[in-house]
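Let's take a walk through this one, starting at the chain's beginning and ending in a sheet. Keep the viewer open as you read.

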Amino acid sequence: LLIIFVAIILEYFGIVAPQEVLVTVGYLLFLILQSLILAYRFAFTLKKSKEDAIKGLKAKSEFLSTISHELKTPLNSVIGIAHLMLRSDPRPDQKSNLETLLMSGNNLLSIVNDIFDFNKIEAGEIRFTSKKMDIASMAGSIIAAYRDAAAESGIELQLHLDPRIPKYVSGDAERTKQVIANLINNAVKFTKKGWVKLDIQVVNASQDEVTLHFKVEDTGVGIPPEKQKIIFDQFTQVDSSSSRKFSGTGLGLAITKRLLELQGVQIYLHSIVDVGSSFFFTQTFPTFSEAEALPEQDGSGEKDRPPSLPLLNVPILIVEDNPMNVFVVQSFLKRWGAISEIAVNGQEALEKLDSTRHKLILMDLHMPVLDGYRATALLRERGETLPIIALTASLSFGKENISEWGFDDIIVKPFNPDQLLYTIQRFIYKK
């Protein structure tokens, strides 16, 4: 541009002859270079914005993972001790208070899990497994779990199952249960009279697979047409005002939709205000025979165990650094008749483990000195084959990857005592 101006000035004062070609070429070069500069600036700004967004997403992911662990650790103590006290023959008034405490703890846990799951979905960390699952039994357990909440609202929970549903199908039981439970929870929350129904029907069946139609109907408040397009968006509710009647984070339906989409399944909605809503989707599952699905059972030692002491004289090593979590786990093991020993970190676990005496290890993952990941790897390297169950509030890997780290199974805190007992029995008695 400077060269152009100099040429024009010199031409004006008659110092040089007119330079039309030079000026024209100069203007063209100026426009081309200016375009390149603007393109570079735009690309640089876009790249920097992308890097900042990635850093922000990573920081948010790490923050939510940390918060999840820090919230679940004390929640494990609260929920665990509530379970312990409920099983210690409390007075009727104490039982009512403890049930309220347990329900509140589970509600808080549900919110924490929703936030954590949504964060994993956004980060692309959700993985699906294909294992044996009993759809009919799963549906029954979900309905049973929400029966008390429905009864408090004065509504009826109904379950309709097609008798042609196979005994076992192959799929991700945890995610399928999560999807159905989210829809049932949503229906119960927004229904104040009438009923909520879970209906599962066989659409098509062959020797190798079955297509099932899942539908959750309710006689609740319904969803206005203008809200139906955004109801599956994160943090969205029909009424988002400060005076809304219904609580919640607005993540349940968003998580449900994303979990189904990641499996190639679409969810649909039909709703009429003050009449009710129905959410439905169709999914195909591989099938196999019941004989193929049933694992071999040993059952050794079962006849010698009193029903009240299912783990009588079973030595178990607990590796945990949090005193309250140690108290909760040890209390349940004592109640079940087990003999427990404590190691406060992975290094102490390596020193205390006696494979001729201990039958199983309950291993926390995040500990000082030596964490559960490295401790488990070192135990496997030295040839230890006894079952190791990860007992943790947060994961850096999916449940489908537990064997890669040397674990036999994993239980996420806060845990249900019955789930813990079942898992321990499954490995101790090869059940």
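Leu1 has a relative accessibility of 45%, so it counts as partly exposed, a class that runs between 20% and 50%. Keep in mind that you're looking at a predicted model here. Along the chain, Leu1 sits in the segment before α1.

Leu1 also has company: it helps make a nonpolar surface patch of about 1200 Å². Other members include Phe5, Ile8, Tyr12 and Phe13, and further along Tyr27, Leu28, Phe30 and Leu31. Which helices feed this patch with at least two residues each? Those are α1, covering 2–12, and α2, covering 20–86.

Now jump to the sheet. It's an open one with 5 strands, and if you read across it you get β9-β8-β10-β11-β12, with parallel pairing. The edges belong to β9 (339–343) and β12 (409–412); each has a single partner strand, so one side of each is left without a neighbour in the sheet. Going from one strand to the next, the twist averages 20°.

As background, strands of a sheet pair through backbone hydrogen bonds, in either a parallel or an antiparallel way. For a concrete case, zoom in on β8 (residues 315–319) and β10 (residues 360–363), which pair in the parallel sense over 4 bridges. There you'll find Ile318 opposite Leu362 of β10.

What packs on this sheet? Helix α11, residues 372–381, does, and it touches β10 and β11 (388–392). Compare directions and you'll see that the helix α11 makes about 155° with β10.

Key
Residues are numbered from 1 along each chain as its sequence is written. This is a predicted model: local features need pLDDT of at least 70, side-chain atom pairs count only at pLDDT 80 or more; totals for chains, interfaces and linings use all residues. Side-chain values use heavy atoms; hydrogens and water are left out. Patches are made of residues with over 30% relative accessible area and no salt bridge: like charges are joined within 9 Å, nonpolar side chains (Val, Leu, Ile, Met, Phe, Trp, Tyr) within 5 Å. Accessible areas come from the Shrake-Rupley method with a 1.4 Å probe; for residues, only the protein chains shown count as cover. A salt bridge is a side-chain nitrogen of Lys or Arg within 4 Å of a carboxyl oxygen of Asp or Glu. Buried means under 20% relative accessible area, exposed over 50%, partly exposed in between (1.4 Å probe, protein chains only). Two strands pair if DSSP finds at least two bridges between them. Axes are lines fitted to C-alpha atoms, for helices over the stretch in contact, and angles run from 0 to 180 degrees between N-to-C directions. Contact means heavy atoms within 4.5 Å.
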